Amino acid sequence: MASMVPDVTCPFCGCLCDDVRVVLEGGKVKEIYNGCALSQSRFAEVRRTENRNLQPLVRKGDTKVPVSYDEALNRAVEILADADHALLYGWASTSCEAQIAGIELAELLGASIDDTSSVCHGPSTIGIQDVGYVTATLGAVKNRADVVMYWGCNPFHAHPRHISRYTVFPRGYFRKGREDRKLVVVDPRRTSSSRIADLYVQPEVGHDYEILNALRAMLRGAKVAGPTVGGVSIETLQQMVEMMKRAEFGALYFGLGLSMSRGKHRNVEAALQLVRDLNAQAKWVIGAMRGHYNVAGFNEVCAWETGFPFSVDFTRGYPRYNPGETSAVDLISNGEIDAILTIASDPVSNLPAEVAGKIRTMPAIAVDPFKTLTTEAADVVMPSAVTGIEGPGTAYRMDGVPIELRRICEPPQGLLRDDEIVQGMLQRLKGMGSR
Amino acid sequence: MKAELVLANGTVYDPANGIAGERMDICIREGKIVERVSEGAQRLDLAGKVVMPGGVDVHTHVTGSKVNAGRIMRPEDVRSNVSPRTPLTRSASGFTVPNVYQIGYTYARMGYTTLVEAAVPPLKARHTHEELSAIPILDKASLVLMGNNWLIMKYLSEGRDDLLREYVAWLLEAAKGYGIKIVNPGGTEAWGWGRNVEGVRDKVPHFGITPAEIIKGLLQANEGLNLPTSVHLHANRLGKPGNYSTTLETMELVRNATTRMPRGQVLHVVHLQFHSYGGDGWRNFRSEADKVAAAVNSSSNITVDAGAVVFGWSTTMTADGPFEHDLQRLTHLKWTNADVEAETGAGVVPHFYSMKNAVSVVQWCTGLELLLLIKPDRIFLTTDHPNAGSFSKYPQIIHLLMSRKYRDAMMEKLNPVCKKSVLASLDREYTLYDIVKITRAGTAKALGLLQKGHLAPGADADVAVYDLKPDSTEGLEKALSSAHLVLKDGTTVVRDGRILAAPIGRTYWVKCPPTSKRDEMIDGLREHFRYYTIQLGNYPASEEHLMRSSPVVPEVSS
Amino acid sequence: MDLTLITGRTINQGRGTMTDRLGGFHQRNSAVIQMNGDDLRELGLDTRSLVRVTSAFGQVVLKAEEAEEELPRGLAYIPYGPWASTLVGSDTGGTGMPSFKGMKVRVQREAAADIRPATALGGRADG
Amino acid sequence: MSIKLVVKKVPAVGLEADVIDPAALGKKGLSEIGRLQVWAGRRTMPLADPFDISVQVPEEKVEIHGDASRVKRIGQGMASGRIDLFGDAGMHLGNRMSGGEIHVSGSVSSWCGCEMQGGSITIAGNAAHYLGGAYRGSSAGMQGGSITVSGAAGGEAGCRMADGVITIGAGCGDFAGVHQKGGVIVVHGPCGARPGAGMTGGQLILNGRVESILPGAAYLEEVQEVEAAGTKLKGPFLKFKCDLAEETQGELLILTEPNKHLRA
């Protein structure tokens with residue numbers, strides 16, 4: 001018998017769309033409405049089992065054998081408690097409840113904890129720590145913006161409904177629709193998102209800082225030597241400055257094109273300062289296009305629990321923060337880590353190969369609903385329910401709005417949630433008494 | 001055998017019950033103050049110690065999206081004050097933007113047992129409650145921002161007081177909030193376009209309504225719903241030279257408003273220090289605290305809190321978005337802003353109050369003048385944490401209030417502008433009795449938390465005991481920062497400044513019964529949610545987010 | 001041919017990470033290098049040929065294809081995944097962020113070797 | 001003679017030795033020094049574990065021999081005394097020091113001399129990133145004292161510098177003198193991209209070939225020589241006002257000869 005669940009929050013990208021309608025049949029997801037292609041895949045995968053871990057595994061000799069959660073949790077705690085400097089990594093695609101337990105576990109262990117933001121928008125946060133963050137919720141942009149700019153990101157591929165649900169197409173209180181807004185796209189690639197832009201600016205790769213620097217200088221009335229800056233003509237830059245100054249409400253969304261290319265946090269900082277300076281004569285806000293559905297949530301949880309947003313080192317019993325030293329890639333490549341717990345992430349696939357290689361040389365625990373290179377490489381594997389579909393929780397949208405994740409169907413037989421697994425490790429560690 | 005305890009021979013201060021330093025026993029059973037206990041009860045001899053109710057902070061910014069934005073933006077503040085975990089406590093960090101554990105432990109060590117989060121955007125209430133739930137030991141309540149809410153301004157402009165009241169009731173439950181908070185009414189909405197409103201008669205762009213109408217409309221809804229506390233108001237033109245006239249005009253709006261609730265006040269004006277400035281620019285910037293104090297003293301239905309300044313670094317953070325933009329243009333420090341769709345906004349800017357700077361010193365004088373000139377049952381001690389300073393500095397402010405000599409010694413080190421201040425002429429020295437009024441008795445009453453802020457039978461057994469010498473301020477700050485003993489619901493949580501236990505505190509919120517207008521209001525709400533980016537069904541914060549959820553159900557008036 | 005490489009998301013890369021990280025869909029959509037059409041033709045390649053891509057940190061065999069998300073000459077794009085990660089160095093320049101975008105790579109026609117499956121990559125000693 | 005520490009074995013996860021402060025060690029006897037705590041990850045151990053310690057005459061002078069490249073925080077916050085390091089040093093060498101001297105015959109890792117108030121650091125080899133820089137969120141980096149590197153430096157040398165002198169014998173990475181507001185930075189070798197980004201004050205002098213400069217660097221004139229930190233540097237220099245993107249600007253001086261491409 002089919003039933004329809006409304007207002008389901010999609011646990012995939014930072015848009016965290018909460019208007020998905022899921023049709024269930026026999027307790028399984030049959031199909032969904034309102035979700036994008038990424039959302040379709042996300043809900044579809046829950047039907048299949050061959051790509052999932054279904055049983056806790058522990059390596060004995062060179063094979064991994066099925067065990068109970070109890071045995072897997074004991075082995076995991078044994079590994080972590082034995083380490084001089086463990087790293088608890090991932091956290092971006094799980095609930096705040098699991099993250100809260102993970103931070104307490106890191107503190108009790110004297111370990112370091114980091115989420116995927118250190119290799120995503122970590123540099124953006126570092127830029128914010130230098131100059132601040134003049135932002136707004138997505139609805140403020142939907143209701144007021146007459147100029148929307150996307151810089152170094154390709155929403156049609158990474159955040160498919162961002163443009164249609166939040167910024168340029170929807171009906172806002174003060175804006176009727178697409179015709180009421182100017183769309184500007186700045187990207188070295190002629191992306192599909194740029195096809196619908198009113199103004200497309202194509203810089204040379206890795207010259208964002210020069211362009212932003214020129215825009216800021218021109219905004220202050222300085223004359224910038226041409227004919228081009230970073231492959232963009234002075235006339236185009238002047239056109240951008242005029243358009244930005246005349247905006248009633250402008251919004252600049254930026255992606256990894258700024259935080260990953262040469263300049264990294266300084267690129268983002270220049271964009272943050274440009275938007276800050278614009279507020280002297282217009283009204284502008286800026287927003288980071290956060291990738292995973294709860295990577296922003298980890299930064300919020302980690303900040304209220306420890307004071308710092310990511311890359312936190314508890315080895316001295318209190319939190320320390322220094323991305324570039326206490327961040328996952330640096331800790332591992334500098335050889336400072338001797339055991340790793342990965343949850344809701346796949347570092348062996350996504351981090352540089354040298355780092356992935358080092359992860360393979362140390363005792364490793366992986367918590368993930370799906371088979372990944374990280375779970376294949378791990379010594380202890382604990383499968384978990386898919387948060388947001390098979391387990392409830394809280395997540396934070398890219399603009400900081402907290403939204404409930406729902407459980408809409410049962411996980412495969414006997415699987416625990418991420419937070420239950422992390423709590424399991426935490427209680428066992430507390431049971432071992434102080435070391 | 002029920003848990004029974006007697007706090008014997010202490011020197012008790014309980015102004016709500018007229019007790020000013022009497023040696024008496026306080027009996028406790030199962031977390032409550034009781035008339036008497038059985039013989040077998042445990043006795044604690046507190047001879048020579050001062051006993052008072054647990055502190056109740058009426059206005060502090062400790063949780064939620066703008067506080068967290070402050071933590072994220074200021075790692076330099078977070079790393080300036082760290083302490084490692086112990087078997088009983090989590091690690092603590094931060095000074096003006098402390099983490100949740102630092103907040104709970106520091107308040108508890110100071111003998112505070114209840115706090116009120118001063119501002120919650122309803123759309124992000126879930127975030128506030130996740131942080132409130134993480135703060136150990138203290139009971140909490142939070143105030144819901146409504147002074148720039150689109151639907152409220154719409155109902156006010158259409159004269160639909162009935163739907164307004166129903167929506168306010170629904171919003172309080174959706175945000176699990178305890179009371180109504182108004183911040184720069186209309187001004188933060190104007191900031192949605194980069195603008196502001198200038199005075200209480202100024203029209204809000206696109207909504208055609210004035211701050212005065214917003215204040216009076218919400219005040220009427222507050223009394224119509226019999227809410228336990230009054231409206232808490234952050235007036236227009238905060239921080240502007242010459243803004244005292246707006247403050248007087250604002251207070252005038254409620255001159256003849258009344259309430260049936262035991263709290264007595266119809267309006268609580270927050271961090272009055274920031275709203276008591278004269279002059280027309282920074283050169284002739286001066287305090288008008290005496291004029292503002294006179295207005296408060298002459299009114300019978302207004303309470304205020306000080307927002308007193310502490311020298312050194314602070315982190316200013318408020319829903320008053322335009323103010324923070326103006327401050328950043330003045331000081332060029334880093335600035336975070338967060339407009340919230342259809343509801344409110346926020347701004348965060350670090351700030352340094354310098355002993356050598358004339359403006360900072362005038363602000364310092366203004367706060368103390370208000371505290372010394374206004375009657376002690378009408379003004380409460382706050383620093384609008386962390387805007388004017390960290391709450392951990394309350395003991396220093398108490399010391400300044402209790403000792404003219406200490407004030408004079410401090411003024412020697414300051415910019416000489418303080419020599420010409422009203423403060424320099426004030427001799428008044430607070431008694432301990434008055435201090436208890438402005439830090440627990442008065443605040444609990446104004447909040448309508450009738451089981452707090454006093455030690456008569458029936459009250460919660462939240463008790464703070466200090467090593468205070470009766471008539472000297474020597475060692476005062478240390479004694480107040482590190483209580484001899486603190487009980488929360490009868491459980492010992494602090495002894496000699498050390499945390500012994502970290503129980504979970506309650507979260508108070510108001511659950512108004514729906515009236516006949518509920519359905520009509522909900523229909524309007526469903527229509528209004530077209531301008532949100534979250535579904536109506538996912539908007540309310542669920543009760544599970546609250547640790548020890550403690551709803552208060554006001555009785556329905558005709 | 002020397003090119004500047006950007007790694008990043010594509011919609012199918014996103015779907016691939018969801019449906020089956022170790023399976024064919026992910027490999028078909030992430031073990032690819034998107035290039036400008038003229039660069040492809042200059043190398044005498046078409047969308048069935050295999051290429052060997054070499055950076056200062058590693059090398060990997062991928063399928064070449066003309067970018068739908070149009071690239072200027074001299075620019076190449078590989079979706080995130082174990083194939084792209086083989087080419088990325090771990091020096092973060094004191095920021096925590098490796099250089100995922102903007103590094104120099106050499107692209108050559110590959111006749112012999114085939115695309116290695118994900119399970120053979122991820123920093124394997126024999127990878 | 002002084003207090004001598006010879007590296008025996010640095011733990012696999014690295015070591016943090018912020019106790020190595022000449023003034024503190026100078027007042028202690030051998031056994032007491034040996035018992036001081038150092039950190040390997042979350043585990044503490046006595047200083048005598050990773051180091052062989054010998055003390056002839058207790059004195060505010062510490063020698064460190066052997067490979068200390070993975071020993072962090074040597075000389076952190078020191079106020080007086082001297083450290084001679086015959087080898088490489090780890091991160092945060094001499095950070096927040098207010099006085100005294102550190103001499104390193106090898107190279108140092110990142111955050112060397114961060115937010116130092118006074119004293120001097122001389123490095124015969126290279127330095128990594130954030131030399132004399134600011135930690136995350138801090139409004140100022142180096143505020144006094146001097147750092148002299150004979151070799152090269154990494155990125156963001158002198159980040160948010162407020163005062164003091166940094167001299168780099170060879171080249172440096174990107175963003176030299178980023179958000180500099182005072183003090184003097186001199187780079188003798190080739191310099192990466194974007195020097196003087198966000199500069200609001202101070203002097204940034206580049207004697208080697210500069211990869212590229214920002215649009216916010218406004219050319220003023222050519223000057224024959226430059227007076228910086230009490231010494232005269234012979235030019236000619238191209239003099240720029242930098243960074244026009246900020247409220248105020250600092251002085252960016254680039255040796256003309258190797259940088260003709262900048263004025264093309």
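This is a short talk on a few contacts within and between the chains of this structure. Please keep in mind that the model is predicted.

I'll start with a sheet built from two chains. Four strands make up an open sheet, in the order 8(A)-16(B)-17(B)-15(B), with mixed pairing. Its edges are strand 8 of chain A, residues 134–136, and strand 15 of chain B, residues 312–318, and each of these pairs on one side only. On average, neighbouring strands in this sheet are turned by 25 degrees against each other, direction ignored.

Now the place where the chains join. Strand 8 of chain A runs parallel to strand 16 of chain B, residues 336–339, and 3 bridges connect the two. If you want a pair to look at on screen, take A:A136, whose bridge partner in strand 16 is B:D339. There is also a helix on this sheet: helix 1 of chain B, residues 65–73, packs there and touches strands 15, 16 and 17 of chain B. The direction of helix 1 makes about 155 degrees with that of strand 16.

Next, the domains of chain B. Domain 1 comprises 4–52 + 455–499, and domain 2 covers 54–447. Taken over C-alpha atoms, the centres of the two domains are separated by 29 Å. In the contact between them, 24 residues of domain 1 meet 26 residues of domain 2.

Which elements supply the domain 1 side? At least two residues each come from strands 2, 5, 19, 20 and 21 and from helix 16 of chain B. Helix 16, residues 476–481, gives the largest share, 4 residues. By class, the domain 1 side has 16 nonpolar, 5 polar and 3 charged residues.

Chain B also touches chain D, where 4 residues of chain D are in contact with 4 residues of chain B. The chain D side has no nonpolar residues; it divides into 2 polar and 2 charged.

Last, a helix pair in chain A. Helix 2, residues 69–82, and helix 18, residues 418–431, have axes that come within 9 Å and cross at roughly 60 degrees. The crossing is right-handed. Helix 2 contributes A:Y69, A:L73, A:N74, A:A76, A:V77 and A:A81 to the contact. From helix 18 come A:G424, A:M425, A:R428 and A:L429. Sorted by class, this contact has 7 nonpolar, 2 polar and 1 charged residues.

That is the end of the talk.

How values were computed: Residues numbered from 1 in each chain as written. Chains lettered and ligands numbered in written order. Predicted model: local features only at pLDDT ≥ 70, side-chain atom pairs only at ≥ 80, totals over all residues. Pairing = 2+ DSSP bridges. Axes fitted to C-alpha atoms, helices over the stretch in contact; angles between N-to-C directions. Contact = placed C-beta atoms within 7 Å. Nonpolar A, V, L, I, M, F, W, Y, C, P; charged D, E, K, R; others polar. Domains from an automatic or database assignment. Left-handed = near helix turned anticlockwise from the far one by under 90°.
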